[in-house]
Amino acid sequence: MAGHSVKPSLPCKFFGRGECMRGAGCQFLHIPEEPSPSLLQSGLHSDLQGADTSLLATNLSATVQQEDEALDQQPEPDTINSESAVTERLIFNRKVQFGPGASIGKITTPFDSHRIVLSNLPRNVTQKELISLAEPFGAVSFVVLEKPTMLVPPSARIEYAECFEAVRAVSDLDNKVFQSTKLAARLDLRAVESGVGLLLSRKVKISWYAPSIIAWAHYPTTSSAMAHATKLNGRAFDGRNISASFQTPSPRQTKSFSVEIKGLHVDVELFHLKRLCGSSSVTLGSPSYNREEGIKNVRLLLGTLDSFDVLPADKTKTKVTAFAQFSSAESAAAAVKNLHGVHQLFVKNSPLWLEQVHSVKYNLPAQQFATLKAEVDRFRNAHQNECKIRYYDWDENGSPADPVCVRIYSPDPQALGHTKIGLEALLQGELLVSHDRVVWDEYFESFEGEGFLQTINKDSRFFVKVDTRARNLRIFGPELDRAKAKDLIFHQLDDILLKRHIIPLEREVLRTLLTGGLDALQELVDAENISLDVVARTLTIRGNTDEVDVVRRAVGAMQTSLPLSRLLHNDEAVCPVCFCEASDPIGLTCGHVYCTPCLQHFLRSAVGPNFNGLRCVAEGLKAGSQKVACSKDIPYPIIRRLLSSTDENLLLEASFLTHIHSRPKEFHFCPTPDCKVVYRPTGEGTALRCSACLNRICGACHVEFHEGLTCAEHRDNLEGGNDAFRQWKEANGVKPCPKCRADLEKAGGCNHMTCIRCGTHICWVCMDTFSDEDSGGGIYQHLRQKHGGII
């Protein structure tokens, strides 16, 4: 309408920090930003002392009087408007998205992928046909058709917009007959390789006999030839062991008796060979094959590769060694299976030896690696018989590399897994804790805190790494040097805390600050030393006693100039936890107010195996005067604000584990004991390589991969071995949970059972299941009506 302006949908970047000077006249949306967390805030709140009217009171009173009438006509601002805010964290080697109430939004396992690999395609297939084949399952991002080889038919990589579309495509296309050919489809797990250590299993080491020549040394007598054959056989020459044998002469041969010498390098020098043989007459044969032609043919045999590198020729080596990088770990494994030990005519009928090389790569900041180098060297020497560990701290130009690449190599994934665990423990450094709690303070997120850490990191003996998302510090270096770094950090924190004062605010005072009052305060105190937290409704001042007193008197003037908060005169001001008037109040988006300590206790107490989300527990009236819980999710920024990083991690892990255990058809844990990697079930015959322990998992049977057995054969063997256990379960009344299949045993009590693993409520008589809402009455009503009682 004419005469009215419409605010743009962009948020005011100053408002969330309490720095907007335009108040209600600001043309941008006033949406608070996510607050900065502080582990060390507990016990730091200072009581608001009574203050006389100061020089600032007159200015503030005028501002309040001008704004009061306008504010009364507008709805009061929410304590926090970002109730839908989410955070993404790495929990047990997978990405997990958490939303309001610490609920699970999205889980990305190490085996989820947007891409599929479609193999065993007809040799005349076109890209257009592949697109038509792939599109029914979802939005296709791209299709890449890989060229076939003599041994391997064409294959293709197809990427979808969503992981579930790729899963659906694999399910429908695997074993599908297309143009009289049965297709093979699988997820391309290379597309999701991530984490601190990147597992690579796409490299294959290939070796075969190097080309050689045969020589014949000639001697005047048979005795001389036989003596030299015995002397030369097995002798080292040019770094190789050669073989020599006397050549039986023909019946009429009377001179020039020969000794055949094998294993010579193609570039052997005739002069030196004559001296070795003690003969003035030596004849050289032709090379067994051309080295470059042999390499070219091996390369063609392997098909489509990402790279192919051959080690330089070495006279001392009897084999040629090359490394092939395939597009996927499965392609590398297939090459080893099909070509290992197979003789090839183009390398003089030498067998090819193929070995899949597994490696884990880490990229570390150069300064971090420098503090760990001595320990990495000691670790490498201690594990040299299990795996090869290499690092690259200089680049190809001879300059210091940053980051530094550290790699572990081994053909044995189990050995690599064990070494990987030990090296990661070394590379992750020491977590900074105090009294069994992770140390964190919002100071480390500030410009001043960043500068402090940069300053102490100039000491090359240690390195301090800050993780603002996980809210922790990790220290690297020898033990004594780490102790020095910790002393510096704790001393700095003590100094910061002595200068930090936190003033709790009434709602009207908060509104006054947001509509110009904060700007007035910043005229008295340096703007960098005063910050407003709209979620916790606190004002933080950093400075000396005089500066703090000035701010306290100013806030007191605001408070005495305003009427008592209307909020304190209604039921919503009563804390739903302690049922008393909320002290140090904190408001939720639903309008209910809690004591900050009560809400903190409520959040901490939710941690456990039966975690069921964090929701407001305040009661309100419903139709018919029935009181029900509000049950609105608590915004994640408030959860993060009130919990320390230790408590937050415990809460998120509890939420994650409950989510996983309650969905046994969707998620499974790696079968290796104590390994917490999660995967989604797959079709039969699919082997998954665990990103943590590196063991292979059957995604259908949920056991360590049963090499050489189909899933059906494995199940048959398992059933035969479980007879005794099955008989014991029948004899003792053990029943599987209807939801997660965990074995349950009833020791006594009523017939209402709760699965300790997934939390399902179960009728022990008929094994019917009930929701959480039914547990208080529905299941008991069922027991009485269907089974004549609860026992």
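# Notebook: a predicted chain

**Entry 1, the whole chain.** I counted secondary structure and found 19 helices and 45 strands in the chain. I noted that this is a predicted model. I then looked up burial: of the 791 residues in the chain, 43% are buried. Next I took the contacts with a separation of 6 or more, and 59% of them are between residues 24 or more positions apart. For the surface, I wrote down an exposed area of about 41400 Å². Carbon and sulfur atoms supply 51% of that area.

**Entry 2, helices H8 and H9.** I looked up helix H8, residues 366-382, and helix H9, residues 413-427. Their axes come within 10 Å and cross at roughly 145 degrees. I recorded the crossing of H8 past H9 as right-handed. Which residues make the contact? On the H8 side I listed Gln368, Leu372, Glu375, Val376 and Phe379. On the H9 side I listed Thr419, Gly422, Leu423, Leu426 and Leu427. I sorted the residues of this contact by class and got six nonpolar, three polar and one charged. Glycine is put with the polar class here, so Gly422 of H9 goes there too.

**Entry 3, aromatic rings.** I searched the whole structure for aromatic pairs and found six. I looked at one of them, Tyr443 with Phe452. The ring centres are 6.3 Å apart, and the planes stand at 50 degrees to each other. I filed the pair as tilted, because that label covers plane angles that are neither under 30 degrees nor over 60. Are Tyr443 and Phe452 buried or exposed? Tyr443 has a relative accessible area of 4%, so I marked it buried. Phe452 has a relative accessible area of 14%, so I marked Phe452 buried as well. I also noted that Tyr443 and Phe452 belong to one aromatic cluster, together with Trp440 and Phe444.

**Entry 4, Arg482.** I went to Arg482 and found it in helix H11, which runs over residues 479-498. What is the relative accessibility of Arg482? The value is 19%. Buried means under 20%, so Arg482 counts as buried. I then asked which residues Arg482 is in contact with, leaving aside its neighbours within four places in sequence. I wrote down Glu430, Ile475, Phe476 and Gly477.

How values were computed: Residues numbered from 1 in each chain as written. Predicted model: local features only at pLDDT ≥ 70, side-chain atom pairs only at ≥ 80, totals over all residues. Heavy atoms only, no water. Buried < 20%, exposed > 50% of the residue type's maximum accessible area, 1.4 Å probe, protein only. Contact = heavy atoms within 4.5 Å. Axes fitted to C-alpha atoms, helices over the stretch in contact; angles between N-to-C directions. Left-handed = near helix turned anticlockwise from the far one by under 90°. Areas by Shrake-Rupley, 256 points an atom, 1.4 Å probe, with all protein chains shown as cover. Phe/Tyr/Trp six-rings, centres within 6.5 Å; stacked < 30°, edge-to-face > 60°.
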